[in-house]
Amino acid sequence: MTGWLARATGLPPLEPAAAATLGRLAVSEVPAGTVLFHPGDTVKGFVIVLSGRVEVFLTGPTGREILLYAVEPGQSCIQSTLGLLGGEDYSGEAVVRSDASVVLVPRDIFLALMENSSAFRRFVFTAFATRMQSMMHLLERVAFQRVEARLAQCLVERAENGTLNATHAEIATMIGTAREVVSRRLDALERRGLIRLDRGAVHVTDAGTLANLAADI
């Protein structure tokens, strides 16, 4: 594969006709903060992420948000796949979290490839199955895992060089709870000496204990 196809993580070798069709599609550079779709929008195509990160949120009637999943290279947007195959509109909102390079496969081309390319079809369904499994894990965590454990897991997994740069509201969205709950739990963790709070940042000072808390369902 040549061109952008060679950069597409997880994309298997395609039949010549399928590779030629996809290879003619343009790569778009999308800056961080761009909203790719809103609830109620019609699904226009299948997005292949070459670099960067796109986060998909669901907003409840009260305005509270939860991070459903993130799409990075090699991963799929389950809402786009469902919309293209089942005709449903988007129910969530997608925001580009870090500058991204993406390719939009228009609906008609996507459906033709699903019909005629077994390699592309396997790629889509494999990514779809992986995403469904991650959604089940999210449901399990929100339904059965204590907030403190979810918060500790978030800090351990998302901190880079010991720091998570995020507001309390953003962390609440990540773990599916209210900002006030996160603020209280972070204050408690700071009093225990496990973290240090700064404006817009959480510094992890005891990753081992946090990891133990994350494992405590």
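**Exercises on a hairpin and a helix pair**

In the hairpin of strands β7 and β8, where two residues lie between the strands, Gly 200 has a positive phi near 75 degrees. The model is predicted, so local features need pLDDT of at least 70 and side-chain atom pairs count only at pLDDT 80 or more, while totals for chains, interfaces and linings use all residues. Residues are numbered from 1 along each chain as its sequence is written, and side-chain values use heavy atoms, with hydrogens and water left out.

**Exercise 1.** Determine which strands pair with β8 and how its two faces are covered.

*Solution.* Strands are DSSP runs of E with at least two residues, helices runs of H or I with at least four, both numbered from the N terminus, and two strands pair if DSSP finds at least two bridges between them. First, β7 (residues 195–198) runs antiparallel to β8 and is joined to it by four bridges, with Asp 198 partnered by Ala 201 of β8. Next, β6 (residues 163–164) also pairs with β8 in the antiparallel sense, over two bridges, and there Leu 164 has Val 202 as its bridge partner. Finally, in β8 (residues 201–204), Ala 201 and His 203 on one side and Val 202 and Val 204 on the other are all buried (under 20% relative accessible area, 1.4 Å probe, protein chains only).

**Exercise 2.** Identify the residues through which α2 touches α3.

*Solution.* Taking contact as heavy atoms within 4.5 Å, we find Gly 83, Leu 84 and Leu 85 on α2, and Arg 107, Phe 110, Leu 111 and Met 114 on α3.

Definitions and conventions
Buried means under 20% relative accessible area, exposed over 50%, partly exposed in between (1.4 Å probe, protein chains only).
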